[in-house]
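Trainee: I should like to take a close look at a single part of this model and at what surrounds it. May I ask for a connected account?

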Amino acid sequence: MHRSIGLLSLTFVAISGILGSGWLFAPLLAAQAAGPSALIAWVIGGFAMLLLAATFAEIAAILPVAGGIGRVPHFSHGSVVSMTMGWTAWIGYNTTATIEVEAVLRYSKTLAPWLYLPDGKMSAGGLAVACLLLLVFTVVNAFGVKFFARINTALTWVKIVVPALLAAVILTSEFRYANFSDYGGFAPEGLKGILSAISTGGVIFALIGFRHVIDMAGEARNPKVNVPLALVLSLVISLVIYGGLQLAFLGALDHSDLEKGWPELHFSGDLGPMASLATAVGALWIVSILDTSARISSFASGLVSVGSNARLGLAMAQNGLFPKFMETLSERGVPLFALFVNFVVAAIFFVLLPFKEVLALNTSSIVLSFVVGPIAVLAFRRLLPDTPRAFVLPAAPVTGCLAFVVASLIIYWSGWDTMIHLGICLLVGLVLLVVRNSQGGFDSLDWREAMWLAPYLAGLVLLSYLGSFGGGSDIIPLGPDILAVAVLATGVYFLANRLSLPKGKFDRYLAEEELDEIGEYDTVEDAPVEKPEFKRD
C-alpha cells in the first residue's frame with residue numbers, strides 16, 4: 001500500500017472520526033445521565049482514551065500495518081484472538097457508516113421531508129438516498145488514500161471551527177451558574193450517573209474515532225513519529241472542543257428545560273439540542289451554519305469510517321477469516337473488493353435493522369477491540385526487544401494493566417443489554433471461524449494463545465448480569481462491582497501476556513506479512529533484517 005498520508009492528514013482522519021455526529025448529541029446525552037458532572041465524565045473518558053491510545057501509539061509506530069485493530073493481535077496472540085477483535089471491530093465500523101448517514105439525512109429532513117414517514121421511520125426514498133450516500137463514500141475512497149485525505153482535511157477544518165465557534169457564542173451569550181448547583185446538585189445521579197455518561201451517554205462513542213489512525217498506519221509517512229503524534233493531537237484537540245461544548249450546554253439551559261430534572265431534559269422539534277440552545281440564546285445567525293455543518297460533520301465521519309473499514313476488511317482477509325479476494329489492491333493501493341463488500345453489508349444494516357439496534361451493535365462491537373493495545377505492548381517488548389521505538393509507553397507493565405482495566409470497565413459500564421448484542425456478534429463470528437476453517441481458510445488456529453478470552457468474556461458477561469448497568473439484575477452494588485471487574489481484568493491481563501506468541505511463530509507470521517503486504521521480495525531471506533520497520537519510502 002502507498003505511504004501517502006502526512007501528519008496533518010493523519011491527525012485530521014482521527015479528528016474527523018471523533019467529531020462526527022457525536023458533538024451534535026453527546027452533550028445532551030451526557031447531561032441526561034450525569035447532570036453537571038458530565039464534565040467529569042469527559043475528563044475520565046478522555047483520560048481512558050488517551051491511556052488506550054498510548055498503548056496503540058507504541059505498537060503502531062513499530063508495526064504500521066493496514067487494518068491495525070484486526071491485524072496487530074495476529075502478531076501478538078495469533079489467529080483466534082485477531083479474528084475475535086477484528087470481527088467485532090469490522091461489524092462496528094460498518095454500523096458507524098450507517099449511523100453517520102442517518103445523521104446526515106436527519107439534518108436534511110427540513111429540506112427533504114419525504115426522506116421520512118410520519119411515524120419517524122425512513123421512507124423507501126430515504127433508504128435509497130442512504131444507500132447512495134454509502135456508495136459515494138465508497139467511490140471517494142476508491143480513488144486512493146491521497147485523494148481521500150485531501151477531501152477529509154478540507155471537511156475537517158469546518159468540523160473544528162464550527163463547534164468551537166458554537167461553544168464560544170453560547171458561553172458569551174448566556175451562562176447560568178445556578179445550573180451547576182440547583183436541580184439535584186452538581187452530581188444528581190452520583191457516581192453511577194458519571195460512569196453511565198462515559199459508556200452509554202455518548203462520551204466513548206464520541207471519542208473512539210482515534211482508532212482510524214491505527215487502521216491507516218500502513219499508509220502513513222514516517223509512521224514511527226506521525227502515528228503517535230496524530231493519536232495524541234487528535235484526542236487533545238477533540239477533548240478541548242467537547243469540553244467547551246459540554247460546558248456551554250450546561251450553562252445555557254433555561255429553568256423550563258430543567259424543572260423536571262436532568263434525566264427528563266429534552267428538546268422538541270426538528271432542531272438538534274445544540275441548534276435549539278443557539279436559538280434560545282438569540283444566536284439565530286449560527287443556526288443555519290450549524291445545519292450545514294451537521295451534515296458536513298456526519299458526511300466526513302462516514303467517509304473516514306468507510307475508508308478505515310476497508311483496511312480492516314483487508315486485514316481480516318489476511319488473517320484468513322474473510323475470502324482472499326478481499327486482499328486485492330487496486331493500482332492506487334486501495335482494497336477495492338473490501339470496500340464494496342463493506343458497502344453491501346452497511347446497506348443491509350440500513351434495510352434490515354432498526355436504528356436503535358444499529359446503535360447498540362456499534363457500541364458493543366467496537367469497544368471490545370480496545371483491549372488489544374494493552375496486551376500487545378508487552379508481547380512486542382518481548383518479541384521485538386531491539387526495535388527502536390519513537391514512542392515508549394512509560395512503566396509499560398503497570399500502565400498497560402491500567403489501560404486493560406479501563407477498557408474492561410468501559411465494556412462493563414455499557415451494561416447487560418449491550419453485552420447481549422456483543423455475545424450475539426461473537427457467536428456469529430465463531431460460526432464464521434468454524435466455516436472458514438473447514439474450507440481451509442486458516443493454516444493453523446492459535447487456540448493456546450486465545451485461552452485467556454474464555455475466562456475474560458465469561459467473567460464480563462456474568463458481572464454484567466449481576467451488576468446494575470443497562471438492565472443488569474442489580475445483585476452486586478456499585479463499588480464492589482468495579483472492584484470485581486478490576487480484579488478480573490488484572491488476572492486476565494497477566495494471563496494474556498503469558499500466552500503471547502512464541503518467537504518462532506511470530507517471526508513466521510511477520511515474514512508472511514512482509515511478503516503479502518510489501519510484495520517486493522521473492523523469498524523470506526531477501527527481506528530486510530529489520531522487518532517491523534517497513535522501510536518502503
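Trainee: How many of the ten residues of helix α7 (residues 190-199) are buried?

Mentor: Seven of the ten residues of α7 are buried, and the helix is thus mostly covered. Buried means under 20% relative accessible area, exposed means over 50%, and partly exposed lies in between, with a 1.4 Å probe and protein chains only. The buried residues of α7 are G193, I194, L195, S196, A197, I198 and S199.

A word on the basis of this account. The model is predicted, with local features needing pLDDT of at least 70 and side-chain atom pairs counting only at pLDDT 80 or more, while totals for chains, interfaces and linings use all residues. Residues are numbered from 1 along each chain as its sequence is written, and side-chain values use heavy atoms, leaving out hydrogens and water.

The chain has 21 helices and zero strands; helices (H or I, at least four residues) and strands (E, at least two) are DSSP runs numbered from the N terminus. Of its 537 residues, 61% count as buried. Contact means heavy atoms within 4.5 Å, and among contacts between residues at least 6 apart in sequence, 83% join residues at least 24 apart.

One partner of α7 is α3. These two helices pack at an angle of about 55°, with their axes 9 Å apart. That angle makes α3 oblique to α7: under 35 degrees counts as roughly parallel, over 145 as roughly antiparallel, 65 to 115 as roughly perpendicular, and the rest as oblique. Axes are lines fitted to C-alpha atoms, for helices over the stretch in contact, and angles run from 0 to 180 degrees between N-to-C directions. The α3 and α7 crossing is right-handed; a crossing is right-handed if the near helix is turned clockwise from the far one by less than a right angle, and left-handed if anticlockwise. On the α3 side, I40, A41, I44 and G45 take part, and they meet I194, A197 and I198 of α7. By class, six residues of this contact of α3 with α7 are nonpolar, one is polar and none is charged. Here Ala, Val, Leu, Ile, Met, Phe, Trp, Tyr, Cys and Pro count as nonpolar, Asp, Glu, Lys and Arg as charged, and the others, Gly among them, as polar.

Helix α3 (residues 38-62) also packs against α17 (residues 396-413), with axes that come within 9 Å and cross at roughly 130°. That makes α3 oblique to α17. The crossing of α3 past α17 is left-handed. From α3 the contact draws on F47, A48, M49, L51, L52 and T55, and from α17 on T399, L402, A403, V406, A407 and I410. Of the residues in the contact of α3 with α17, ten are nonpolar, two are polar and none is charged. Just ahead of this helix, in the loop between α16 (372-383) and α17, stands A395. A395 has a phi near 45°, a positive value in a residue other than glycine. At 53% relative accessibility, A395 counts as exposed.

The interior can be followed further. A nonpolar core is a set of buried Ala, Val, Leu, Ile, Met, Phe, Trp, Tyr and Cys residues joined through side-chain atoms within 4.5 Å. The largest such core has 151 residues, and M49, F210, F370, F380 and W452 touch the most other members. Helix α3 gives the most to this core, namely 14 residues. Beyond its neighbours within four places in sequence, W452 is in contact with ten residues' worth of side or main chain, among them H77, V81, F404 and L499. Another core, of 23 residues, lies apart from the largest one and includes V101, L105, F137 and F350.Buried residues also occur in helix α13 (residues 285-319), where G313 lies. G313 counts as buried at 0% relative accessibility. Leaving aside neighbours within four places in sequence, G313 is in contact with W90, F322, M326 and A338. N309 is in helix α13 too, and N309 is buried, with a relative accessible area of 2%. The C-alpha atoms of N309 and W90 are separated by 6.4 Å, although these residues are 219 apart along the chain.
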